[in-house]
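Got your viewer open? Let's take a walk through this protein, one selection at a time.

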Amino acid sequence: MRLYMLYLGTMQPGNIPVPGYLIQTNEGINILVDTGWPRSFVDTPANPPGLTVEIRPEDTVEARLEAIGVNPADIRYLICTHLDEDHSGNHDLFSNAELIIQKEHYELARNGHPRFNANRDSWGHPSLRYRLIEGDYELLPGIVLLETSGHVPGHQSLLVRLSETGTVLLAADAVMHHSMANAGTRQMFVTDMEDEPGIRRSTQKIADLAESENAAFVVYGHDTEQWASLRLSPAFYE
Ligand SMILES: [Zn+2]
């Protein structure tokens, strides 16, 4: 099994990475995680207040997949960590895939929560097929979705068991930066919804799994320093 780290753009100030991930099983099943800001941002970024989003042509999810020989139609599953703007801008490209999301999160967005309006045309595209799940869920052997509510209700992280690297945890926005990895002392972030107990519980869940699985590493959601040191696609971990 291979795990690719997809670099889907940069947010300023702070050179903050926008991540996505591709998992390829030994049977050739392609599993994408998140899709970044809308591809229209290459030409016309619609920056939210206080943020400048830089998406180069090579940063789009299509371009990152193409560089490793994968077309959008080849994606079997699209895992939605959550539907914030920087994670769901190109879901509409993946109508061949089954989209997998926590039921609680999908219903919050589907019922019109304004936080998820910006990309509604993408993640809410009528051609998309969603599988709604509740709680932790083993999608395929060695690929476990983890319910990590807090940043938003029904946020998901992932656990991926690789044969050479070992277990890797993709925290996504449950833990955005290594400085937030301690559940007891971590800061909340400006984009976290008002659920401090949930955030601390999910941060602890990631830390506990990292320990019990003897994980090789945890990938934090928007960690400038860490992402500068990761093996980015087209290279991969296996
Ligand atoms: Zn994010």
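Start with the whole protein chain: of its 238 residues, 44% count as buried. Buried here means that 20 or more other C-beta atoms lie within 10 Å of a residue's own, exposed means 12 or fewer, and partly exposed is in between, with C-beta atoms placed from the backbone. Before you click on, note that this is a predicted model: local features need pLDDT of at least 70, side-chain atom pairs count only at pLDDT 80 or more, and totals for chains, interfaces and linings use all residues. Residues are numbered from 1 along each chain as its sequence is written.

Now switch to cartoon view. You'll find five helices and 12 strands in the protein chain; these are DSSP runs numbered from the N terminus, with at least four residues for a helix (H or I) and at least two for a strand (E).

**Stop one: the sheet.** Pick out seven strands in the order S4-S1-S2-S3-S5-S6-S7, which form an open sheet with mixed pairing. Two strands pair if DSSP finds at least two bridges between them. At the edges sit strand S4 (52-54) and strand S7 (129-133), each pairing on one side only.

Zoom in on strand S5 (residues 75-79) and strand S6 (residues 98-102): they run parallel, joined by three bridges. Look for leucine 78, which stands opposite leucine 99 in S6. Next, add helix H2 (residues 103-110), which packs on the sheet and touches S6 and S7. Its direction makes about 95° with that of S6. Such angles run from 0 to 180 degrees between N-to-C directions, and axes are lines fitted to C-alpha atoms, for helices over the stretch in contact.

**Stop two: the core.** A nonpolar core is a set of buried Ala, Val, Leu, Ile, Met, Phe, Trp, Tyr and Cys residues joined through C-beta atoms within 7 Å. The largest one has 55 residues, and Tyr21, Leu158, Leu170 and Ala171 touch the most other members. Strand S1 (residues 2-12) gives the most to this core, with six residues.

Which residues does leucine 158 touch? Leaving out residues up to four places away in sequence, they are Val33, Ile79, Ile143, Val144, Leu145, Leu146 and Leu170. A contact means C-beta atoms, placed from the backbone, within 7 Å.

**Last stop: leucine 232.** Go to the segment after helix H5 (224-227) and select leucine 232. Is leucine 232 buried or partly exposed? Leucine 232 is partly exposed, because 16 other C-beta atoms lie within 10 Å. Not counting residues up to four places away in sequence, leucine 232 touches Met5 and Tyr7.

Methods: Contact = placed C-beta atoms within 7 Å.
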